[in-house]
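User: I'd like a close look at one part of this protein: the backbone spots with unusual geometry. Could you walk me through them and show how they sit in the chain?

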Amino acid sequence: MTCIVHMAVGARISGPVLLVLLTVMAALGRQPTAPSKPSHDDLQRQAHRCRQILKTSITDFYLPACVDRTHGGYFESLKGDKFAPTGEKFLTQQSRQLWFFSTLAAAGLERDAARQAAKTGFDFLEGKFRDRVHGGYFAKVTDDGQPTDRRKHVYLNAFALYALAAYHRATSDAAALAAAKELFQTLENKCHDRENGGYVEFFQDDWRPITDRREPSFIGPPGTKTFNTHLHILEAFTELYRVWPDPLVRRRLDELLAINTLTIRLPQHGCNVDGFAPDWKPIERPQNLRASYGHDVEGAWLCIDAARALGHPPALLRTWAEGVVGYSLRHGYDRAHGGFFYTGPLGKDADDTRKEWWVQAEALVSMLELYKLTGRPEYYETFTQTLDFIDKHQVAREGGWWATRKADGSPAGSSRSSMWQGAYHSGRSMLLCAKLLDELAAAAN
């Protein structure tokens, strides 16, 4: 730069032009250096940090406070600062909490308390949600277990399957595995689309499909197929295959891996959309033609994990995973504050800049999986920046995580638990991130 200044003076460049030149050169001199690979000690520090967040903001918040000791199952929401009954219990949330407590117990964390909490959830799920006449599990029941919404949705039932497999893994309870096998077979017989692949999603209690678009649904309009549902069936079948390596489970998991990596991605944009017709044609409506950064980054690591369970080398998915995550990094990542925004129009930057708890949680796992897969330190840097945002803004000092924050981390609501928010996203993220960081630290020695 000194040489350029001497040349400019020698050439008698005017003062204003020289000032512009100096400003440009100074800016070039401040370009950020490429991130470096983390050290063994840094990886261990971040693993300890994740375990602390897991303990103080998730495990201690939900266990045992959300356990309904009167009727079984779990309270889903807070009244003031305490968990309290709401009149209903929702299959997705009950299953997610059962999965979390089972996974804690399997990991040897709060073993006795977590195992007992898992048992009360399992007993309530089997005793109150399970439809002994038609098969599958109801959507909602009262606090004491009387069905209030007998409809069946594959998304909701996928989480029941996910929880049953996890409970069996934690306890070796034969009844849980038998229930998981029966639910898998029910989904195969009643929901699998043999013509187009994937699953019909929404049904009456006797498994008659619901197609009336006016019917209130849980995930996507009736009569459609969704990325969201098929991503979580893949997740559930991955868990099931690990405890029951049945050939048909393997075929369906392979099919779901193809759907989640090939079918739902729009090649002209490089990201996924959620809604499809039964034959997998994307629904051409403005509300559907949007990117969900959280689902895309979550889908990347869940597909890598499914490939791993099937015995496929994760490296086979590297180009695909970097492509779909790269889209979210370009258009949905907040480089000023860290963390990922919520949604945005296709091919453009985010216009909904809320920070949802589950998006940040899933991004952490995705970034570490991609760092492990590629060795590119920019993924690790994104992980640390997002974890910094979570630790500073998303973690509630009162316990739990704030569901929603503004882009800069300031408050955007007061919810810390609900029928959709429990320990599943945040708890799973902290458990898996600590494990991944341990593996990376061991490899860095």
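Analyst: Here's a walk through the unusual backbone spots, with a little context on the chain.

This is a predicted model, where local features need pLDDT of at least 70 and side-chain atom pairs count only at pLDDT 80 or more, while totals for chains, interfaces and linings use all residues. Residues are numbered from 1 along each chain as its sequence is written, and side-chain values use heavy atoms, with hydrogens and water left out.

On confidence, pLDDT (the predictor's confidence in each residue, from 0 to 100) averages 94 over the protein chain, and 93% of the residues score at least 70. Residues 1-12 fall below 50. Where pLDDT is low, the predicted coordinates should not be read in detail.

Now the backbone. Most residues other than glycine have a negative phi, and most peptide bonds are trans. The bond from Leu63 to Pro64 is cis, with omega near 5°. Pro64 belongs to the loop between helix 3 (40-62) and strand 1 (77-79); helices (H or I, at least four residues) and strands (E, at least two) are DSSP runs, numbered from the N terminus.

Ser172 isn't a glycine, yet its phi is positive, about 60°. You'll find Ser172 in the loop between helix 6 (154-171) and helix 7 (174-190). Trp207, also not a glycine, has a positive phi of about 75°, and its loop runs between strand 7 (202-203) and strand 8 (225-226).

As for cover, buried means under 20% relative accessible area, exposed over 50%, and partly exposed in between (1.4 Å probe, protein chains only). Ser172 counts as exposed because its relative accessibility is 58%, whereas Trp207 is buried at 6%.

Methods. Contact = heavy atoms within 4.5 Å.
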